[in-house]
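Me: I have a new structure open and would like to go through it. Can we start with the basics?

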Amino acid sequence: MGAFFIWENGEQKCNQPGIDRIKFIVDEAKKRGIYVQLTLTNNWSPDFPSDSKFPPGYLSNSFGGIDTYVQQTHPGGDHDLFFTDETVKGKYKTWLQCIIPQLSSCEGLFAWELANDPRCKGAKGRTTSGNCNPQTITRWTADLSKYVKQLDPNHMAASGDHGFYCVDCPKLFPRTAPATVSGGSQSMVGKRAKRRNGYLTAAMVRAQIKAREKEEYRAKRNAPGAKRSIRGSWAAPASTFKRLTTRQDSSSVGPAYDGSYSGDTEDIANIPTIDCSTFQFFPDQNTYNHDGSVSPGPPEGGAGGSNFKNTLQTGIDWITNHADTCNTFNKPCAFTAFGLVDGDSSGNFVPFDSTSAQDVTVDPSYKRVKRAQDVANNSEQDTAYNDWGNSAVSHGINSITGYQRGQSNLSGRDSSHHNSGSDSSGHSPDDGYRISRQGTQTIFKNIGRKQKSKSGGSDSS
(Lines give C-alpha, C1' and ligand atoms only; values in the text may rest on other atoms or scores of the structure.)
Protein backbone atom coordinates (compact mmCIF):
# COMPACT_ATOMS: atom_id res chain seq x y z
CA MET A 1 0.00 0.00 0.00
CA GLY A 2 3.00 2.29 0.43
CA ALA A 3 3.01 3.31 -3.25
CA PHE A 4 -0.64 4.36 -3.10
CA PHE A 5 -0.95 5.91 0.34
CA ILE A 6 1.61 7.98 2.24
CA TRP A 7 1.96 8.32 6.01
CA GLU A 8 3.73 11.36 7.46
CA ASN A 9 3.85 11.71 11.26
CA GLY A 10 0.76 9.58 11.63
CA GLU A 11 -1.20 11.52 9.03
CA GLN A 12 -2.30 10.14 5.68
CA LYS A 13 -2.56 11.42 2.17
CA CYS A 14 -3.39 9.89 -1.17
CA ASN A 15 -0.44 9.28 -3.45
CA GLN A 16 -1.94 10.12 -6.82
CA PRO A 17 0.82 8.54 -8.94
CA GLY A 18 0.20 5.29 -7.06
CA ILE A 19 -3.56 5.46 -7.62
CA ASP A 20 -2.91 6.12 -11.31
CA ARG A 21 -0.84 2.92 -11.43
CA ILE A 22 -3.78 0.93 -10.05
CA LYS A 23 -6.05 2.50 -12.67
CA PHE A 24 -3.57 1.51 -15.35
CA ILE A 25 -3.56 -2.12 -14.18
CA VAL A 26 -7.36 -2.30 -14.04
CA ASP A 27 -7.68 -0.75 -17.51
CA GLU A 28 -5.07 -3.12 -18.97
CA ALA A 29 -6.89 -6.06 -17.42
CA LYS A 30 -10.15 -4.97 -19.05
CA LYS A 31 -8.45 -4.86 -22.46
CA ARG A 32 -7.64 -8.53 -21.97
CA GLY A 33 -11.12 -9.51 -20.84
CA ILE A 34 -10.16 -9.66 -17.16
CA TYR A 35 -12.16 -8.06 -14.35
CA VAL A 36 -10.38 -7.19 -11.11
CA GLN A 37 -11.47 -7.80 -7.54
CA LEU A 38 -9.37 -5.30 -5.60
CA THR A 39 -8.20 -6.22 -2.12
CA LEU A 40 -8.05 -3.09 0.03
CA THR A 41 -5.66 -4.26 2.76
CA ASN A 42 -3.87 -7.35 4.06
CA ASN A 43 -3.92 -9.11 7.43
CA TRP A 44 -0.33 -10.30 7.02
CA SER A 45 2.43 -7.72 7.33
CA PRO A 46 5.29 -8.99 9.51
CA ASP A 47 8.30 -6.91 10.47
CA PHE A 48 10.76 -7.19 7.61
CA PRO A 49 14.30 -7.71 8.97
CA SER A 50 17.15 -6.06 7.10
CA ASP A 51 19.02 -9.37 6.80
CA SER A 52 16.04 -11.24 5.34
CA LYS A 53 16.65 -13.57 2.42
CA PHE A 54 14.07 -11.71 0.34
CA PRO A 55 14.01 -8.00 -0.56
CA PRO A 56 11.03 -5.90 0.59
CA GLY A 57 8.18 -6.11 -1.90
CA TYR A 58 9.17 -9.58 -3.08
CA LEU A 59 6.81 -11.50 -0.82
CA SER A 60 3.04 -11.29 -0.98
CA ASN A 61 2.82 -10.28 2.69
CA SER A 62 5.23 -7.32 2.60
CA PHE A 63 2.92 -4.59 1.37
CA GLY A 64 1.92 -2.72 4.52
CA GLY A 65 -1.47 -3.87 5.72
CA ILE A 66 -3.57 -3.87 8.85
CA ASP A 67 -0.64 -3.40 11.22
CA THR A 68 0.45 -0.26 9.40
CA TYR A 69 -2.79 1.46 10.43
CA VAL A 70 -2.40 0.30 14.02
CA GLN A 71 1.25 1.25 14.40
CA GLN A 72 0.82 4.64 12.75
CA THR A 73 -2.11 5.42 15.04
CA HIS A 74 -1.12 3.60 18.27
CA PRO A 75 2.60 2.69 18.17
CA GLY A 76 3.07 -0.66 19.88
CA GLY A 77 -0.66 -1.39 19.77
CA ASP A 78 -2.22 -4.82 19.33
CA HIS A 79 -3.03 -6.12 15.86
CA ASP A 80 -6.74 -6.46 16.59
CA LEU A 81 -7.13 -2.74 17.36
CA PHE A 82 -7.71 -2.47 13.62
CA PHE A 83 -11.12 -4.08 14.10
CA THR A 84 -12.23 -2.28 17.28
CA ASP A 85 -10.54 1.12 17.65
CA GLU A 86 -12.63 3.91 16.10
CA THR A 87 -9.59 6.06 15.32
CA VAL A 88 -7.89 3.22 13.47
CA LYS A 89 -11.09 2.41 11.60
CA GLY A 90 -11.34 6.08 10.69
CA LYS A 91 -7.85 5.94 9.18
CA TYR A 92 -8.86 2.94 7.09
CA LYS A 93 -12.00 4.73 5.93
CA THR A 94 -9.79 7.64 4.83
CA TRP A 95 -7.98 5.19 2.53
CA LEU A 96 -11.32 3.99 1.18
CA GLN A 97 -12.30 7.59 0.49
CA CYS A 98 -9.07 7.94 -1.46
CA ILE A 99 -9.28 4.92 -3.72
CA ILE A 100 -12.93 3.93 -4.18
CA PRO A 101 -14.30 7.12 -5.79
CA GLN A 102 -11.37 7.20 -8.20
CA LEU A 103 -11.71 3.61 -9.38
CA SER A 104 -15.46 3.04 -9.16
CA SER A 105 -15.92 4.18 -12.77
CA CYS A 106 -13.25 1.82 -14.17
CA GLU A 107 -14.86 -0.70 -16.52
CA GLY A 108 -12.43 -3.42 -15.48
CA LEU A 109 -13.41 -3.26 -11.80
CA PHE A 110 -15.40 -6.27 -10.62
CA ALA A 111 -15.64 -6.00 -6.83
CA TRP A 112 -14.10 -4.61 -3.67
CA GLU A 113 -12.56 -6.96 -1.11
CA LEU A 114 -12.33 -5.47 2.38
CA ALA A 115 -9.17 -7.31 3.45
CA ASN A 116 -7.19 -10.41 2.64
CA ASP A 117 -7.79 -13.05 5.32
CA PRO A 118 -8.77 -10.74 8.23
CA ARG A 119 -8.07 -12.38 11.59
CA CYS A 120 -7.69 -11.39 15.23
CA LYS A 121 -4.07 -12.50 15.11
CA GLY A 122 -1.48 -11.03 12.80
CA ALA A 123 1.97 -12.07 11.72
CA LYS A 124 4.78 -13.27 13.94
CA GLY A 125 5.96 -10.50 16.21
CA ARG A 126 2.54 -8.81 16.30
CA THR A 127 0.58 -8.84 19.54
CA THR A 128 -3.13 -9.34 20.10
CA SER A 129 -5.30 -8.21 22.98
CA GLY A 130 -7.00 -11.56 23.56
CA ASN A 131 -10.38 -9.83 23.46
CA CYS A 132 -11.02 -10.43 19.77
CA ASN A 133 -13.27 -13.25 18.54
CA PRO A 134 -15.26 -14.25 15.43
CA GLN A 135 -18.03 -11.78 16.25
CA THR A 136 -15.43 -8.97 16.38
CA ILE A 137 -14.47 -9.70 12.76
CA THR A 138 -18.14 -10.00 11.74
CA ARG A 139 -19.01 -6.60 13.29
CA TRP A 140 -16.06 -4.96 11.54
CA THR A 141 -17.04 -6.54 8.22
CA ALA A 142 -20.61 -5.28 8.57
CA ASP A 143 -19.46 -1.76 9.39
CA LEU A 144 -16.88 -1.48 6.62
CA SER A 145 -18.94 -3.19 3.92
CA LYS A 146 -21.76 -0.71 4.59
CA TYR A 147 -19.27 2.12 4.18
CA VAL A 148 -17.90 0.69 0.92
CA LYS A 149 -21.42 0.38 -0.47
CA GLN A 150 -22.08 4.02 0.43
CA LEU A 151 -19.01 5.06 -1.55
CA ASP A 152 -19.79 2.76 -4.48
CA PRO A 153 -23.24 1.17 -4.62
CA ASN A 154 -22.65 -0.19 -8.13
CA HIS A 155 -20.01 -2.83 -7.38
CA MET A 156 -20.09 -5.89 -5.16
CA ALA A 157 -18.42 -5.93 -1.76
CA ALA A 158 -16.71 -9.10 -0.49
CA SER A 159 -15.18 -9.68 2.92
CA GLY A 160 -12.01 -11.49 1.78
CA ASP A 161 -12.23 -13.82 4.77
CA HIS A 162 -10.51 -17.21 4.62
CA GLY A 163 -13.77 -19.07 4.99
CA PHE A 164 -13.23 -20.39 8.51
CA TYR A 165 -16.38 -21.61 10.26
CA CYS A 166 -17.70 -21.31 13.78
CA VAL A 167 -20.21 -24.14 13.69
CA ASP A 168 -23.05 -24.08 16.21
CA CYS A 169 -21.97 -20.60 17.37
CA PRO A 170 -24.47 -17.76 18.02
CA LYS A 171 -24.85 -15.44 15.04
CA LEU A 172 -25.03 -11.66 14.77
CA PHE A 173 -26.85 -12.02 11.44
CA PRO A 174 -28.93 -15.18 11.89
CA ARG A 175 -30.64 -16.84 8.98
CA THR A 176 -34.38 -16.37 9.15
CA ALA A 177 -35.33 -19.48 7.18
CA PRO A 178 -35.30 -22.84 9.02
CA ALA A 179 -31.82 -24.37 8.98
CA THR A 180 -32.63 -27.74 7.42
CA VAL A 181 -30.77 -30.14 5.18
CA SER A 182 -32.15 -30.81 1.71
CA GLY A 183 -34.45 -33.80 1.89
CA GLY A 184 -34.86 -33.36 5.65
CA SER A 185 -32.10 -35.83 6.52
CA GLN A 186 -28.48 -35.36 7.52
CA SER A 187 -27.72 -38.52 5.60
CA MET A 188 -27.84 -36.37 2.47
CA VAL A 189 -24.79 -34.39 3.54
CA GLY A 190 -21.81 -35.11 1.30
CA LYS A 191 -23.91 -36.49 -1.59
CA ARG A 192 -23.27 -34.17 -4.49
CA ALA A 193 -26.72 -34.74 -5.97
CA LYS A 194 -28.16 -32.96 -2.93
CA ARG A 195 -27.28 -29.55 -1.54
CA ARG A 196 -27.30 -28.48 2.07
CA ASN A 197 -29.71 -25.61 2.63
CA GLY A 198 -28.95 -24.56 6.16
CA TYR A 199 -26.12 -24.02 8.62
CA LEU A 200 -23.17 -26.39 8.69
CA THR A 201 -23.19 -28.28 11.99
CA ALA A 202 -20.53 -29.98 14.08
CA ALA A 203 -22.21 -33.31 13.40
CA MET A 204 -21.84 -32.80 9.66
CA VAL A 205 -18.16 -31.88 9.98
CA ARG A 206 -17.49 -34.93 12.16
CA ALA A 207 -19.18 -37.12 9.55
CA GLN A 208 -16.76 -35.80 6.92
CA ILE A 209 -13.81 -36.38 9.24
CA LYS A 210 -14.93 -39.96 9.89
CA ALA A 211 -15.29 -40.63 6.16
CA ARG A 212 -11.76 -39.35 5.50
CA GLU A 213 -10.34 -41.45 8.31
CA LYS A 214 -12.06 -44.58 6.98
CA GLU A 215 -10.67 -43.95 3.52
CA GLU A 216 -7.19 -43.35 4.89
CA TYR A 217 -7.40 -46.52 6.98
CA ARG A 218 -8.54 -48.50 3.94
CA ALA A 219 -5.76 -47.12 1.73
CA LYS A 220 -3.01 -47.82 4.25
CA ARG A 221 -4.38 -51.26 5.09
CA ASN A 222 -4.18 -52.20 1.41
CA ALA A 223 -0.84 -50.51 0.76
CA PRO A 224 2.01 -52.73 -0.49
CA GLY A 225 4.04 -54.03 2.43
CA ALA A 226 1.38 -53.34 5.06
CA LYS A 227 1.76 -55.75 7.98
CA ARG A 228 -0.95 -58.33 8.46
CA SER A 229 -1.59 -60.84 11.22
CA ILE A 230 -2.29 -64.53 10.61
CA ARG A 231 -6.01 -63.77 10.47
CA GLY A 232 -5.38 -61.09 7.89
CA SER A 233 -6.19 -58.04 9.98
CA TRP A 234 -4.02 -54.98 9.38
CA ALA A 235 -1.38 -53.91 11.91
CA ALA A 236 -0.62 -50.17 11.88
CA PRO A 237 2.93 -49.26 12.96
CA ALA A 238 2.50 -46.41 15.44
CA SER A 239 5.52 -44.54 14.09
CA THR A 240 4.00 -44.45 10.61
CA PHE A 241 0.32 -44.09 11.32
CA LYS A 242 0.36 -42.12 14.56
CA ARG A 243 -2.63 -40.00 13.64
CA LEU A 244 -4.78 -43.09 13.07
CA THR A 245 -3.72 -44.90 16.21
CA THR A 246 -3.84 -41.89 18.55
CA ARG A 247 -7.51 -41.07 18.77
CA GLN A 248 -8.60 -37.48 19.18
CA ASP A 249 -11.59 -36.11 21.05
CA SER A 250 -14.58 -37.35 19.05
CA SER A 251 -16.36 -34.03 19.62
CA SER A 252 -13.58 -31.98 18.04
CA VAL A 253 -14.10 -30.42 14.63
CA GLY A 254 -10.73 -28.63 14.45
CA PRO A 255 -9.68 -24.98 14.35
CA ALA A 256 -11.00 -24.34 10.84
CA TYR A 257 -14.53 -25.09 12.06
CA ASP A 258 -14.68 -24.17 15.74
CA GLY A 259 -13.91 -20.43 15.58
CA SER A 260 -10.29 -20.74 16.71
CA TYR A 261 -9.11 -18.87 13.62
CA SER A 262 -11.47 -15.99 14.56
CA GLY A 263 -13.77 -16.38 11.60
CA ASP A 264 -17.44 -17.20 11.09
CA THR A 265 -17.92 -17.31 7.35
CA GLU A 266 -21.65 -18.13 7.65
CA ASP A 267 -22.36 -15.08 9.79
CA ILE A 268 -20.33 -12.90 7.40
CA ALA A 269 -22.16 -14.32 4.38
CA ASN A 270 -25.50 -13.20 5.78
CA ILE A 271 -24.47 -9.55 6.28
CA PRO A 272 -26.82 -7.54 4.01
CA THR A 273 -23.99 -5.40 2.59
CA ILE A 274 -21.79 -8.39 1.76
CA ASP A 275 -22.61 -9.41 -1.81
CA CYS A 276 -20.18 -12.30 -2.27
CA SER A 277 -18.89 -15.03 0.05
CA THR A 278 -15.17 -15.82 -0.10
CA PHE A 279 -12.90 -18.67 0.99
CA GLN A 280 -9.30 -19.85 0.62
CA PHE A 281 -7.44 -23.14 1.11
CA PHE A 282 -3.76 -23.43 2.10
CA PRO A 283 -3.13 -26.80 3.80
CA ASP A 284 0.62 -26.20 4.19
CA GLN A 285 0.01 -23.43 6.69
CA ASN A 286 -3.47 -23.88 8.15
CA THR A 287 -5.03 -26.89 9.85
CA TYR A 288 -8.38 -27.94 8.37
CA ASN A 289 -8.60 -31.28 10.20
CA HIS A 290 -9.71 -31.91 13.76
CA ASP A 291 -6.35 -33.21 14.98
CA GLY A 292 -4.11 -30.19 14.40
CA SER A 293 -3.03 -27.21 16.44
CA VAL A 294 -4.69 -23.80 16.32
CA SER A 295 -1.41 -22.15 15.35
CA PRO A 296 -0.87 -21.62 11.63
CA GLY A 297 0.84 -24.69 10.25
CA PRO A 298 0.23 -27.92 8.40
CA PRO A 299 -0.95 -31.16 10.03
CA GLU A 300 1.71 -33.33 11.61
CA GLY A 301 3.92 -34.67 8.85
CA GLY A 302 2.94 -31.96 6.39
CA ALA A 303 0.32 -31.70 3.65
CA GLY A 304 2.16 -34.05 1.29
CA GLY A 305 3.72 -37.49 1.61
CA SER A 306 1.57 -39.99 3.50
CA ASN A 307 -0.92 -37.21 4.29
CA PHE A 308 -1.56 -36.26 0.68
CA LYS A 309 -4.74 -38.27 0.09
CA ASN A 310 -6.23 -36.85 3.27
CA THR A 311 -5.20 -33.34 2.17
CA LEU A 312 -6.81 -33.90 -1.21
CA GLN A 313 -10.16 -35.01 0.24
CA THR A 314 -10.06 -32.32 2.94
CA GLY A 315 -9.87 -29.74 0.14
CA ILE A 316 -12.83 -31.27 -1.67
CA ASP A 317 -14.86 -31.27 1.56
CA TRP A 318 -13.88 -27.62 2.15
CA ILE A 319 -15.08 -26.66 -1.35
CA THR A 320 -18.31 -28.64 -0.92
CA ASN A 321 -19.07 -26.98 2.41
CA HIS A 322 -18.59 -23.51 0.97
CA ALA A 323 -20.67 -24.22 -2.11
CA ASP A 324 -23.49 -25.30 0.20
CA THR A 325 -22.98 -22.24 2.41
CA CYS A 326 -23.35 -19.95 -0.60
CA ASN A 327 -26.44 -21.90 -1.62
CA THR A 328 -27.87 -21.46 1.87
CA PHE A 329 -27.45 -17.68 1.86
CA ASN A 330 -28.09 -17.21 -1.85
CA LYS A 331 -24.78 -15.40 -2.41
CA PRO A 332 -22.19 -15.80 -5.17
CA CYS A 333 -19.16 -17.81 -4.07
CA ALA A 334 -15.52 -16.84 -4.75
CA PHE A 335 -12.65 -19.29 -4.20
CA THR A 336 -10.20 -16.40 -3.94
CA ALA A 337 -6.95 -18.31 -3.40
CA PHE A 338 -5.63 -21.83 -2.96
CA GLY A 339 -2.21 -23.42 -3.17
CA LEU A 340 -0.12 -26.46 -2.33
CA VAL A 341 3.63 -26.26 -1.86
CA ASP A 342 5.67 -28.73 -3.92
CA GLY A 343 9.32 -29.75 -3.94
CA ASP A 344 10.29 -27.25 -6.64
CA SER A 345 9.45 -24.27 -4.45
CA SER A 346 9.64 -25.73 -0.96
CA GLY A 347 12.98 -24.09 -0.23
CA ASN A 348 11.32 -20.70 -0.70
CA PHE A 349 8.16 -21.48 1.24
CA VAL A 350 7.40 -18.48 3.44
CA PRO A 351 4.12 -18.62 5.41
CA PHE A 352 1.92 -15.54 5.17
CA ASP A 353 2.69 -14.66 8.78
CA SER A 354 6.47 -14.67 8.35
CA THR A 355 9.37 -13.25 6.33
CA SER A 356 11.63 -16.26 6.27
CA ALA A 357 11.53 -19.81 4.99
CA GLN A 358 10.18 -22.00 7.79
CA ASP A 359 10.95 -25.48 9.07
CA VAL A 360 13.90 -26.18 6.79
CA THR A 361 17.03 -28.29 6.95
CA VAL A 362 20.16 -28.20 4.85
CA ASP A 363 20.34 -31.20 2.54
CA PRO A 364 23.72 -31.51 0.74
CA SER A 365 22.19 -33.69 -1.97
CA TYR A 366 19.77 -30.89 -2.79
CA LYS A 367 22.42 -28.18 -2.41
CA ARG A 368 19.72 -25.95 -0.94
CA VAL A 369 17.34 -25.83 1.96
CA LYS A 370 14.70 -28.52 2.12
CA ARG A 371 11.44 -28.57 4.01
CA ALA A 372 11.47 -30.83 7.04
CA GLN A 373 7.72 -31.31 6.69
CA ASP A 374 6.56 -33.42 3.76
CA VAL A 375 5.38 -31.38 0.81
CA ALA A 376 3.63 -32.58 -2.31
CA ASN A 377 5.58 -33.76 -5.33
CA ASN A 378 4.85 -32.41 -8.82
CA SER A 379 2.34 -35.14 -9.63
CA GLU A 380 0.46 -34.68 -6.35
CA GLN A 381 0.32 -30.92 -6.80
CA ASP A 382 -1.12 -31.34 -10.31
CA THR A 383 -3.65 -33.86 -9.02
CA ALA A 384 -4.73 -31.52 -6.24
CA TYR A 385 -5.10 -28.48 -8.47
CA ASN A 386 -7.02 -30.48 -11.05
CA ASP A 387 -9.36 -32.12 -8.53
CA TRP A 388 -9.96 -28.99 -6.44
CA GLY A 389 -10.55 -26.86 -9.53
CA ASN A 390 -12.95 -29.33 -11.10
CA SER A 391 -14.75 -29.79 -7.79
CA ALA A 392 -15.22 -26.03 -7.56
CA VAL A 393 -16.65 -25.92 -11.09
CA SER A 394 -19.00 -28.86 -10.53
CA HIS A 395 -20.26 -27.37 -7.25
CA GLY A 396 -21.08 -24.06 -8.86
CA ILE A 397 -18.33 -21.91 -7.35
CA ASN A 398 -18.54 -18.65 -9.28
CA SER A 399 -14.88 -17.58 -9.17
CA ILE A 400 -11.74 -19.74 -8.90
CA THR A 401 -8.25 -18.31 -8.38
CA GLY A 402 -5.11 -20.41 -8.03
CA TYR A 403 -2.25 -18.87 -6.09
CA GLN A 404 0.03 -17.96 -7.78
CA ARG A 405 0.99 -18.02 -11.47
CA GLY A 406 4.71 -17.69 -12.12
CA GLN A 407 6.23 -15.67 -14.92
CA SER A 408 9.75 -15.10 -16.22
CA ASN A 409 11.40 -12.30 -18.21
CA LEU A 410 9.47 -9.63 -16.35
CA SER A 411 10.66 -6.06 -16.57
CA GLY A 412 9.57 -2.63 -15.40
CA ARG A 413 8.62 0.28 -17.59
CA ASP A 414 12.28 1.24 -17.84
CA SER A 415 13.18 -2.34 -18.92
CA SER A 416 14.85 -3.09 -15.58
CA HIS A 417 13.97 -6.19 -13.57
CA HIS A 418 13.37 -4.26 -10.37
CA ASN A 419 10.17 -2.29 -10.98
CA SER A 420 7.79 -5.21 -11.28
CA GLY A 421 8.29 -7.05 -8.00
CA SER A 422 10.54 -9.52 -9.79
CA ASP A 423 13.98 -10.73 -8.82
CA SER A 424 17.19 -9.71 -10.58
CA SER A 425 16.54 -12.30 -13.30
CA GLY A 426 12.99 -11.14 -13.98
CA HIS A 427 11.20 -14.04 -12.26
CA SER A 428 7.97 -13.31 -10.42
CA PRO A 429 7.99 -13.69 -6.62
CA ASP A 430 8.02 -17.17 -5.12
CA ASP A 431 6.95 -17.67 -1.51
CA GLY A 432 6.55 -21.40 -2.12
CA TYR A 433 3.47 -21.24 -4.34
CA ARG A 434 4.80 -20.04 -7.69
CA ILE A 435 3.28 -22.06 -10.53
CA SER A 436 5.87 -22.22 -13.30
CA ARG A 437 5.47 -25.65 -14.90
CA GLN A 438 3.63 -25.49 -18.20
CA GLY A 439 1.61 -28.60 -17.41
CA THR A 440 0.32 -27.09 -14.19
CA GLN A 441 -0.57 -23.83 -15.90
CA THR A 442 -2.47 -25.85 -18.51
CA ILE A 443 -4.54 -27.43 -15.73
CA PHE A 444 -5.69 -23.97 -14.65
CA LYS A 445 -6.41 -22.98 -18.25
CA ASN A 446 -8.61 -26.04 -18.66
CA ILE A 447 -10.44 -25.28 -15.43
CA GLY A 448 -10.99 -21.74 -16.66
CA ARG A 449 -12.46 -23.03 -19.93
CA LYS A 450 -14.87 -25.29 -18.04
CA GLN A 451 -15.86 -22.43 -15.77
CA LYS A 452 -16.47 -20.10 -18.72
CA SER A 453 -18.44 -22.76 -20.57
CA LYS A 454 -20.62 -23.46 -17.55
CA SER A 455 -21.38 -19.76 -17.13
CA GLY A 456 -22.42 -19.47 -20.78
CA GLY A 457 -19.32 -17.59 -21.94
CA SER A 458 -17.39 -18.29 -25.10
CA ASP A 459 -13.83 -19.58 -25.03
CA SER A 460 -11.50 -17.48 -27.13
CA SER A 461 -8.27 -18.93 -25.69
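Reply: What follows covers the disulfides, one helix and some backbone details. This is a predicted model: local features need pLDDT of at least 70, side-chain atom pairs count only at pLDDT 80 or more, and totals for chains, interfaces and linings use all residues. Residues are numbered from 1 along each chain as its sequence is written, and side-chain values use heavy atoms, with hydrogens and water left out.

Me: How many disulfides does the structure hold?

Reply: Four. A disulfide here is a pair of cysteine sulfur atoms within 2.5 Å.

Me: Which parts of the chain does the pair Cys14 and Cys98 link?

Reply: The sulfur atoms of Cys14 and Cys98 are 1.3 Å apart. This disulfide links distant parts of the chain, with Cys14 in strand β2 (residues 11-14) and Cys98 in helix α4, 84 residues apart. Helices (H or I, at least four residues) and strands (E, at least two) are DSSP runs, numbered from the N terminus.

Me: Is Cys98 buried or exposed?

Reply: Cys98 is buried, at 8% relative accessible area, while Cys14 is partly exposed at 32%. Buried means under 20% relative accessible area, exposed over 50%, and partly exposed in between (1.4 Å probe, protein chains only).

Me: What about Cys326 and Cys333, how far apart are their sulfur atoms?

Reply: They are 2.2 Å apart, and the link is right-handed, with 65 degrees about the S-S bond. Cys333 is buried at 2% relative accessibility. Cys276 is in no disulfide, and its nearest cysteine sulfur, that of Cys333, is 7.0 Å away.

Me: Back to α4. What caps its N-terminal end?

Reply: Asp85 does, with a side-chain oxygen 3.0 Å from the backbone nitrogen of Thr87. The 18 residues of α4 (residues 86-103) should span 26 Å at 1.5 Å a residue, and the end C-alpha atoms are 26 Å apart, which agrees. The expected span is 1.5 Å times one less than the number of residues. Buried residues in α4 include Trp95, Leu96 and Ile99.

Me: New topic, the backbone. Where is the cis peptide bond?

Reply: It joins Tyr403 and Gln404, with omega about -5 degrees. Gln404 lies in the loop between β14 (399-402) and α11 (438-454).

Me: And which residue has a positive phi of about 55 degrees although it is not a glycine?

Reply: Asp117, which sits in the loop between β4 (109-113) and α5 (134-151). Asp117 is buried, at 1% relative accessibility. Asn330 also has a positive phi, near 55 degrees, but Asn330 is exposed at 69%.

Definitions and conventions
A polar contact is a pair of N or O atoms within 3.5 Å; within protein, one must be able to donate a hydrogen and the other to accept it, and residues adjacent in sequence count only if both atoms are side-chain atoms.
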